[in-house]
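Open the model in your viewer and keep the selection panel at hand. The tour goes stop by stop.

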Amino acid sequence: MIKKEILNFDVVILGSGPAGFSAAIYSARGNLKTAVIDINMLGGQPSNYLEIENYPAFSLISGYELMEKFEQHADKFGVEKFPMQEIINLDLTSQIKEIETQDKIFKSKAVIIATGAQSKKLNIKGEEEFKSRGVSYCAVCDSAFYKDKTVAVVGGGNSALEEAIYLTKFAKKVYIIHRRDNFRADKIICSRACKNDKIEFIMNSQPLEIKGSNCVEKLVIKDLKTNKIKDLEIQGVFPYIGYSPNTEKFNGQLEQTKDGFIETNINMQTSLKGVYAAGDVRNTPLRQVITAASDGAIAANSAVKYIETLTPVIV
Ligand code: NAP
């Protein structure tokens, strides 16, 4: 059996998106020994965003570049970073929290959960079968495969419309299929999509099935007003229908909404002492880079104050 390396910190932050790195900056500046760990590469979900134009002080910046700046800022304060760490076990209830990964055991006085959220699935026939063979949840990663092809984006939020616009750089035609007759996306993004003549909107419609032989060939959709069912000839499907929280490892251990988002108070305190949640993973009315960063700052500030109240324990 491999002997695991034991690492002691004041604060361990799970997740390295804007909430995680913001928490790390505030925690390290609060003179706490701080670690950020992530199951993936660092940077979280915004690393895949093409353009961000509503993060104050940057009128236009790529998500990747913005997250690089978050990381560099955390580096400046000596935050220790551990990418590609899958959590195998965790104990969040004791005063000294323990996070066990493949080869390490992280011990800390406080934990900040900033694990974000992941793409929701349509849960229709063919979606799983054709994953990576025409079904993709990342236009930025896969759009080059769809040069001169016809694709469908499902959803009516900012992600769906922005990614559809991006896909028009490669695809010859992009359908946007939305279940209602108006969009949730910001007006400025809707207006850009409407002006793009490669985009065709199919409103009040719901995908029912993805069909094909080796790769995606058809999307079966239902008009929710007329109940008519038709096949769209397409080679790619991009579901952008929102996100569900990455809480698999914490489910049942702390208070969550029925959809799994972690409940916190205004100090980002969860139902467990010394455990905070920040960003998309928590029950919050707005999920943006700016709100995640704000949550991270508040969570770290709460952790600093909490740790000050602890009777000294050797970790
Ligand atoms: P979202 O805003 O939650 O929109 C999800 C869309 O998918 C909605 O239009 C919803 O329809 C539709 N939908 C949900 N479940 C569906 C299903 N089972 N079948 C068909 N359609 C379904 O998600 P998002 O666009 O991914 O955005 C998530 C958050 O990130 C938002 O706060 C957004 O503003 C933010 N974001 C910001 C930027 C940016 O600032 N550049 C970019 C991307 C995302 P209904 O409208 O009918 O509910």
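Which exposed residues does the face of H5 turned away from its buried side carry? Select helix H5, residues 187-195, in this predicted model. On that face sit Lys187, Cys194 and Lys195.

Now turn to the other side of the helix. The buried residues of H5 are Ile189, Cys190 and Ala193. Look down the axis of H5: these buried residues fall within an arc of 100°, so they line one face of the helix. The spacing fits a general rule. An α-helix has 3.6 residues a turn, so residues three or four places apart point the same way.

**The ligand**

Next, select the ligand and its shell. The ligand is surrounded by 19 residues. Show the closest as sticks: Ser159, Arg180, Arg184, Gln206 and Gln288. Colour the shell by residue class, and you get 10 polar, 6 charged and 3 nonpolar residues.

Then colour by domain. Domain 1 covers 5-118 + 243-308, and domain 2 covers 121-239. Each of them supplies at least three residues to the shell. Which helix gives the most to the shell? Select H4, residues 158-167: this helix contributes 3 residues.

Zoom in on the oxygen atoms of the ligand. Three distances are worth displaying.

- Asparagine 158: a polar side-chain atom is 2.9 Å from a ligand oxygen.
- Asparagine 54: an N or O atom of the side chain is 3.1 Å from a ligand oxygen.
- Arginine 287: here a backbone N or O atom is the partner, 3.3 Å from a ligand oxygen.

Switch on the surface. Taken alone, the ligand exposes 920 Å², and the protein buries 83% of that.

**Threonine 34**

Leave the ligand and select strand S2, residues 34-37. Threonine 34 belongs to this strand. Is threonine 34 buried or exposed? Its relative accessible area is 2%, so threonine 34 counts as buried. Show the side chain and its polar partners. The side chain of serine 27 makes a polar contact with the side chain of threonine 34, at 2.7 Å. The backbone oxygen of leucine 32 is 2.8 Å from a polar atom of the threonine 34 side chain.

**Isoleucine 113**

For the last stop, select strand S6, residues 104-113. Centre on isoleucine 113, which lies in this strand. Isoleucine 113 is buried, with a relative accessible area of 0%. Now add alanine 299 to the selection. In sequence, isoleucine 113 and alanine 299 are 186 residues apart. In space, their C-alpha atoms are 9.2 Å apart.

Note on methods. Residues numbered from 1 in each chain as written. Predicted model: local features only at pLDDT ≥ 70, side-chain atom pairs only at ≥ 80, totals over all residues. Heavy atoms only, no water. Near = heavy atom within 4 Å. Polar contact = N/O pair within 3.5 Å; in protein donor to acceptor, adjacent residues only side chain to side chain. Areas by Shrake-Rupley, 256 points an atom, 1.4 Å probe, with all protein chains shown as cover. Helix = DSSP H or I, 4+ residues; strand = E, 2+ residues; numbered from the N terminus. Nonpolar A, V, L, I, M, F, W, Y, C, P; charged D, E, K, R; others polar. Domains from an automatic or database assignment. Buried < 20%, exposed > 50% of the residue type's maximum accessible area, 1.4 Å probe, protein only. Arc of directions from axis to C-beta.
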